[in-house]
Amino acid sequence: MGDKTQLLSFVLAGRFKRPWPILAGIFCATLANHFLAGWVGVWLASMVSPQTLKWIVAIAFFAFGLWALVPDKLEQTRTTTARSVFITTLVVFFFVEMGDKTQLATVALAARYEQLVAVVLGTTAGMMIANAPAVWLGEALAQKVNMKAMRWIAATLFIILGVLTLVWG
């Protein structure tokens with residue numbers, strides 16, 4: 001609870017205001033990411049140093065912070081399709097989960113119990129339980145909150161997370 005994926009859930013819900021495609025994107029991205037973690041996570045961890053991984057994650061936070069500052073033309077036109085929201089969520093969530101504690105926990109659980117399907121389903125269910133309320137709350141808040149202020153708050157939080165990643169790993 002209270003990690004970067006929930007922050008991303010709030011941002012996506014506020015930006016797109018389409019909870020079902022967002023939830024579907026989160027679900028599919030988490031399944032794909034956690035299967036990847038279970039199958040090749042240990043190998044990837046041995047190939048990429050913790051220092052390199054820390055920089056990759058920090059740069060991703062900085063990029064998301066800058067992205068959050070860009071006014072969305074879709075806010076005026078509201079012409080997003082469920083498909084485009086789903087694809088955006090799928091891609092962004094997949095990459096944000098890289099190196100996340102949930103992904104690392106999935107690697108450890110799969111290595112420990114050797115039950116890939118059960119581990120992936122369990123960790124994916126946990127992600128959905130944690131992020132679905134953020135999507136629904138973000139949708140409700142987006143109707144009442146100034147989107148410009150929300151962009152600045154999200155950008156600031158992402159950049160703070162990037163700095164904290166560099167400082168404390």
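Guide: Nonpolar patches here are made of residues with over 30% relative accessible area and no salt bridge, their nonpolar side chains joined within 5 Å. Keep that in mind for this predicted model.

Visitor: Which residues make the nonpolar surface patch?

Guide: I153, L157, I159, I160, V163, L164, V167 and W168 make it. The patch covers about 750 Å². Take L164, one of its members. L164 sits in helix α8, residues 147–168. Its relative accessible area is 34%, so L164 is partly exposed. That value also passes the 30% patch cut-off.

Visitor: How much area does the whole protein chain expose, and what share do carbon and sulfur atoms supply?

Guide: About 9,300 Å² is exposed. Carbon and sulfur atoms supply 74% of that area.

Visitor: Before details, confidence. What is the average pLDDT of the protein chain?

Guide: Start with the general rule. Where pLDDT is low, the predicted coordinates should not be read in detail. Now this case. The protein chain averages a pLDDT of 79, and 79% of the residues score at least 70.

Visitor: Which elements have the lowest and the highest mean pLDDT?

Guide: Helix α4, residues 74–77, is lowest, with a mean of 44. Helix α5, residues 82–96, is highest, with a mean of 90.

Visitor: Now the fold. How many helices and strands are in the secondary structure?

Guide: Eight helices and zero strands. Along the sequence, the pattern reads α-α-α-α-α-α-α-α.

Visitor: How many residues are in the protein chain, and what share count as buried?

Guide: The protein chain has 169 residues, and 43% of them count as buried.

Visitor: Among contacts between residues at least 6 apart in sequence, what share join residues at least 24 apart?

Guide: The share is 93%.

Visitor: Next, helix geometry. What should helix α1 span at 1.5 Å a residue?

Guide: The expected span counts one less than the number of residues. Helix α1, residues 4–16, has 13 residues, so it should span 18 Å. Its end C-alpha atoms are 18 Å apart, which agrees. Helix α5 gives a second case: 15 residues, reaching 21 Å from first C-alpha to last, close to the 21 Å expected.

Visitor: Is α1 mostly covered or uncovered?

Guide: Mostly covered. In α1, 12 of the 13 residues are buried. Among them are K4, R15, L7, L8, V11 and F16.

Visitor: And which residues are buried in α5?

Guide: V85, T89, V92, F93, F94 and V96. A general point helps in reading such lists. An α-helix has 3.6 residues a turn, so residues three or four places apart point the same way.

Visitor: What phi does K17 take?

Guide: Near 55°, a positive value in a residue other than glycine. K17 comes just after α1. The loop between α1 and α2 holds K17. K17 has a relative accessible area of 18%, so it counts as buried. The cut-off is under 20%.

Visitor: Which residues does T124 touch, leaving out residues up to four places away in sequence?

Guide: F27, T30, L31 and H34. T124 belongs to helix α7, residues 116–142. With a relative accessible area of 1%, T124 is buried.

Visitor: Now from the other side. Which residues does F27 touch, with the sequence neighbours up to four places away left out?

Guide: T124 and M128. F27 is in helix α2. At 36% relative accessibility, F27 counts as partly exposed.

Visitor: How many residues apart in sequence are F27 and N131, and how far apart in space?

Guide: They are 104 residues apart in sequence, with C-alpha atoms 9.7 Å apart.

Visitor: What are the two separations for L137 and P19?

Guide: In sequence, 118 residues; in space, 9.8 Å from C-alpha to C-alpha. L137 is in helix α7. Its relative accessible area is 44%, so L137 is partly exposed.

Visitor: And how far apart are L109 and G38?

Guide: L109 and G38 are 71 residues apart in sequence and 8.2 Å apart in space, C-alpha to C-alpha. L109 lies in helix α6, residues 101–113. With a relative accessible area of 35%, L109 is partly exposed.

Key
Residues numbered from 1 in each chain as written. Predicted model: local features only at pLDDT ≥ 70, side-chain atom pairs only at ≥ 80, totals over all residues. Heavy atoms only, no water. Helix = DSSP H or I, 4+ residues; strand = E, 2+ residues; numbered from the N terminus. Buried < 20%, exposed > 50% of the residue type's maximum accessible area, 1.4 Å probe, protein only. pLDDT = per-residue confidence, 0-100. Contact = heavy atoms within 4.5 Å. Patch = residues over 30% accessible without salt bridge, like charges linked within 9 Å, V, L, I, M, F, W, Y side chains within 5 Å. Areas by Shrake-Rupley, 256 points an atom, 1.4 Å probe, with all protein chains shown as cover. Salt bridge = Lys/Arg side-chain N within 4 Å of Asp/Glu carboxyl O.
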